[in-house]
Amino acid sequence: MEKIIWCHCSDAHLGYRQYNKLERFEDFGKAFNTCIKMIIEKNPDFVIFTGDLFEHYNPSPPEIIQSIGILEQLKEKEIPIYVISGNHDVSYALSKRYGGNILHLLEEIGLIHYLDDDVALVQKNNKPKALIAGLRYYGKKTPDKLKEFYENNKEKFVRSDIPKILMLHSFIEGTVVNFDITPYALNLYPFDYIAMGHYHIKWPSDFHIDNNKIFFSGATEHRSSTEWGHDRGFITVEATNTGKNWAVKPEFTSFPVRPKKIIFKDFGITTADTIVNTTKSLIEKNDEDGILLRIILKGSIKTGEFSFINTQTLKSFSKKSLYVDIINSITSSSITSKTEVSEREAITEVLKNNFNIKQEIINDYIALIENIMKISNDKNFEKISSEILNEFITKNLENIEKSQSFVELNILGPIDPEKEPKARQGSKTEPKVKKAPADKKEPSGSTTKKTKKSKSPRLTSF
Ligand SMILES: [Mn+2]
């Protein structure tokens, strides 16, 4: 029986200089390079890449050089790669004004096949291998644009002698709350495999669901801390002709990236001294060569106590980590910082996004706390819930640490993917870092985000 094999990867975000660190720029290159090298080992007929090759739509020369060095390896092995744009790597307004973009450049020098609302017939030794449709990023307009695109190209999709693939850079229902298109809408089209990008986590978590044809490979590095703990990798798809259509068998291959670690500490009501001393020992205990360390501090400082926590001082306790991010959610107990409603929302976010717990179970959990509040006559929702939750989190962290991955505990507010920051914002190559002497560990004061109380919502960027 004839078999066709392809690999699917996505969201390399080349050029992302996270935390203003050159090492992070290199990390994103290394991750994508590892991905391509491992793909070559699979010897696929072709590769598909579902958007956000670059972090910026106007990549700098080093970023372009990096991408060429990686993609050249596929060209050497004569493995074609089909690429669509994402919301990061192409500005359609500028592309229109200049008559082209960075993906056109890579196509011009023969490194990629750029599908911009286009259909390509993949051929190997003059033999057709697959039909690939690739859409540009349309966000909420995806359902309409896909319909229009399909109508315009209908006659091409009649054949069934080769697998038919659709590439999209969109959120689907089941990944984020604010999705662009439903699996139901996608399944109306006669594609054998729907390759998705934009959501940075492998989806579905179980690839062996019957009749599913929609897959996200996830990003090749962790772009946001909300992705920490999720494997980085690519999908290898084996398609076999059943006579009527093509049956696909996807398999996920993961590869290592820079290790990350997240620590959550709820102090309850305490003093600033305790917070500083405990955090110091927490950092010293978890400090490891080259890791990204994220520390989330929660609790409140006793009324009347000195209540200023200097996150720069806390960061300086780390000697080995590449970067320490401290999320200071410590409040002063004289101020009621959160309403009961926002506490319930915060807990819902933690359970839903980090532990994949269903809404109904969360509702039960919140009802349970409310019952305890009634019985114990304690009106402090935050105190009761964090006691229960902390035990849960501690247990989970142990399990997760064993498997060398870590969870993000999103306690700071609801995730709103709509409010993603503009691609270019703040991540421009800062001369500050370049000038800093190599032995200087931390350009002081430059990158600290001062988290004011616990109100500021955490953003998930894709
Ligand atoms: Mn992305």
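Visitor: In what order do the six strands of the open sheet with mixed pairing stand?
Guide: In this predicted model, the pairing within the six-stranded open sheet is mixed. β4 (113-114) and β11 (246-255) stand at its edges, each with a single partner strand, so one side of each is left without a neighbour in the sheet. Read across from one edge to the other, the order is β4-β3-β2-β1-β10-β11.

Visitor: Which residue is the bridge partner of cysteine 7 in β10?
Guide: Strand β1 (residues 3-9) pairs with strand β10 (residues 232-241) in the antiparallel sense, and six bridges join the two. Within β10, the partner of cysteine 7 is threonine 236.

Visitor: Which strands stand at the edges of the open sheet of five strands, and by what angle are neighbouring strands turned on average?
Guide: The five strands follow the order β5-β6-β7-β8-β9, with mixed pairing. β5 (118-124) and β9 (214-216) are the edge strands, each having a single partner, so one side of each lacks a neighbour in the sheet. With direction ignored, neighbouring strands of this sheet are turned against each other by an average of 25 degrees.

Visitor: Is the pairing of β5 and β6 parallel or antiparallel, and which residue in the turn has a positive phi?
Guide: Seven bridges link β5 and β6 in the antiparallel sense, and one of the paired positions sets valine 122 against alanine 130 in β6. The two strands form a hairpin with two residues between them, and the residue in the turn with a positive phi, of about 50 degrees, is asparagine 125.

Visitor: Which residue in β7 stands opposite isoleucine 132?
Guide: Strand β6 (residues 127-134) runs parallel to strand β7 (residues 164-169), and four bridges join them. β6 is mostly covered, with six of its eight residues buried. Alanine 133 has leucine 166 as its bridge partner in β7, while the residue opposite isoleucine 132 is isoleucine 165.

Visitor: Which helix gives the largest share of the largest nonpolar core?
Guide: The largest nonpolar core holds 71 residues, and those that touch the most other members are Val47, Val83, Ile132, Ile165 and Met167. Valine 47, for its part, has contacts that include Trp6, Cys7, Ile39 and Leu74. Seven residues of this core, its largest share, come from helix α1 (residues 22-42).

Visitor: Why do the buried residues of α7 line one face of the helix, and what are they?
Guide: An α-helix has 3.6 residues a turn, so residues three or four places apart point the same way. Seen down the axis of α7, the buried residues fall within an arc of 55 degrees, so they line one face, whereas the face turned away from the buried side carries exposed residues, among them Asp273, Asn277 and Lys285. What covers the buried residues of α7 includes β12 (260-270), β13, α8 and β14 (323-332). The buried residues themselves are Ile275, Thr279 and Ile283.

Visitor: Is isoleucine 309 buried, partly exposed or exposed?
Guide: Isoleucine 309 is found in the loop between β13 (292-301) and α8 (311-315), and the residues it touches include Ala272, Ile275 and Ile330. Its C-alpha atom is separated by 8.1 Å from that of isoleucine 275, which lies 34 residues apart from it along the chain. A residue counts as buried with 20 or more other C-beta atoms within 10 Å and as exposed with 12 or fewer; isoleucine 309 has 16 within 10 Å, and is therefore partly exposed.

Technical notes:
Residues are numbered from 1 along each chain as its sequence is written. This is a predicted model: local features need pLDDT of at least 70, side-chain atom pairs count only at pLDDT 80 or more; totals for chains, interfaces and linings use all residues. Two residues are in contact if their C-beta atoms, placed from the backbone, lie within 7 Å. Two strands pair if DSSP finds at least two bridges between them. Axes are lines fitted to C-alpha atoms, for helices over the stretch in contact, and angles run from 0 to 180 degrees between N-to-C directions. A nonpolar core is a set of buried Ala, Val, Leu, Ile, Met, Phe, Trp, Tyr and Cys residues joined through C-beta atoms within 7 Å. The arc is that of the directions from the helix axis to the C-beta atoms.
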